[in-house]
Every structure is written in C-alpha cells, then in structure tokens.
Amino acid sequence: MGETKFMLKLDSVSTNYGVVAMLRDVSLTLQQGELTCLLGPNGAGKTTTFRAIAGLLPLVGGKIHVMGADISTLRTEALAPRGIGFVPEGRRLFPDLSVVENIRLGFDASGSMDVFSTRLMAVSELFPHIKGKLRQQAGTLSGGEQAMVALARAVIGTPKLLIMDEPSLGLSPKLIDEYFEIVAEINRGGTSILLIEQNAETALSIAHSGYLIIKGSIVAKGSSAELIENDLVRKLYL
Ligand code: ATP
C-alpha cells in the first residue's frame, strides 16, 4: 500500500510561532473521496494546521504528503496546480470585483474562456444564492453569499482536494445548513475534503470521519459516529 491511497497525509507535523510550540506531532490522513473534519476549540491550532498545509508556515518537524507527493516545503502558489483548493477563513474576496471576476481568480489563468464558461455554468448550479448575481460587486453581497462565492472560487478549478478553514463563521443557522449541504454535494462529486471547523455538530453531520485538536495536539479521532459519542467532543460541543 503506497502513499497514493491517501489524498492528504500529515505525519507528526510540528510548527512554532517564534519560540512557542504550536502544533505538536499532528498526524492526520484523508482518503480519496473522504470528507474529514478537524474540530477544536478557540486557539487549538486549527488555522495553524490550515496554514501549515497551505505552505504559509514552515514545519519544524514532520511531513505533509498530498496524493503521494511531499508538499512539506512547497509554497502556496505551487499547490493549486497539484489539484488542491483552499477556502481560507474570512472569505478574502475582492469587494470591488464582480462575483464572476472573483470566481475567475480560482481558475487557471491559462485556461480558455470557453472552458471557464462551461465550468461556471456547472458551478452556478450548485449555488442558487449567487447564480443570479454573477455581475454584482462582491462587496455588495451578504456575508452568506460571499461565503458561497469563496467556495465557488475554490471549486471552479475542479480541485481533487479541498481544504476549508472555519467556513461556517458568521453564517446564519439557516445558511449554515444550506452551505454544508453544498459542501457534502461537492464531496459526493468526488472531491476529497478536509473541513476545519468549530461547529462540531454540523461538521460531523456531513463528515465521514474527524479529528479533535486541543492545544496543538490531536486528542481524539474516529468515524463521525464514534466522535459524536466521544466524551471530549461531547463535553466541548454537543
Ligand atoms: P480559532 O478558532 O480561534 O481561530 P484556531 O484553532 O484556529 O482558533 P490558531 O489560529 O491555529 O487557532 O492559533 C493557535 C494558537 O497560536 C493561539 O493561541 C494563537 O494565539 C497562536 N498564534 C496564532 N498565530 C500566531 C502568530 N502569528 N504568532 C504567535 N502566536 C500565534
């Protein structure tokens, strides 16, 4: 059994902020087609894990593999061509650009306009909230609609692996359910997803499996059904 069976594999990943240790020996695997969540309270190291995978933070120990390739030292811009899409915390849209221009930023610049248009039609079907607003300035959309645009931008380039950092932050309860249903639909379409979330209940309702991180270390892992019954998870969230 080679590395290729895994879409994403973190082996004993450690990182520091200055001299302060943050992640300590974090190991995590995501199989092809799987939707796994990484749960944790405030300050647990969730965004730090996202940044480590995204090439935004040097590792002081361990390795990160994606589809069999060692990406531990690769920078962010080298990851999209390898089929990895990112949804960073806080959406990060360009408010003065239109919705379609923002989505276009997630598409290979060398790709033809025809291919983009075809992809845009397919992706728009997933997002009824923004389908009729493609020409509107992104900054004039509601927070929930902007979250949909950030997700559309991440999937327009057909990533094989999607890494999402706390996408539910700032979404209304009604929109959270709709948003997560779209995430599940993207996963059913074949994209493997690491969903980093504080909203454990909703994340576990769509994920196959998950991990719990506290103070920079993984303290529990298992199938979603197992984690819902896990004492630590229940104490923290449910
Ligand atoms: P939240 O849900 O609150 O965003 P998180 O699990 O994503 O939490 P991280 O952002 O990974 O948490 O932060 C983990 C810890 O590292 C926190 O204690 C935070 O204060 C600290 N930290 C984050 N960024 C830096 C930095 N650039 N320099 C120093 N410490 C940092």
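Buried means under 20% relative accessible area, exposed over 50%, and partly exposed in between, with a 1.4 Å probe and protein chains only. The model is predicted, with local features needing pLDDT of at least 70, side-chain atom pairs counting only at pLDDT 80 or more, and totals for chains, interfaces and linings using all residues. Residues are numbered from 1 along each chain as its sequence is written, and side-chain values use heavy atoms, leaving out hydrogens and water.

**Exercise 1.** Determine whether Glu166 is buried or exposed, and do likewise for Thr158.

*Solution.* Begin with Glu166, which is placed in the loop between β9 and α6, where helices (H or I, at least four residues) and strands (E, at least two) are DSSP runs numbered from the N terminus. Its relative accessibility is 6%, so Glu166 counts as buried. Turn next to Thr158, found in the loop between α5 and β9 (161–165); because its relative accessibility is 52%, Thr158 counts as exposed.

**Exercise 2.** Find how α5 is oriented relative to α6, and which residues of the two helices meet.

*Solution.* Helix α5 (residues 143–155) packs against helix α6 (residues 173–188) at an angle of about 10 degrees, their axes lying 11 Å apart. The angle makes α5 roughly parallel to α6, a term for angles under 35 degrees. As for contacts (heavy atoms within 4.5 Å), Gly144, Ala147, Met148, Leu151 and Val155 of α5 meet Leu175, Tyr179, Ile182, Val183 and Ile186 of α6.

Terms used. Axes are lines fitted to C-alpha atoms, for helices over the stretch in contact, and angles run from 0 to 180 degrees between N-to-C directions. Angles under 35 degrees count as roughly parallel, over 145 as roughly antiparallel, 65 to 115 as roughly perpendicular and the rest as oblique.
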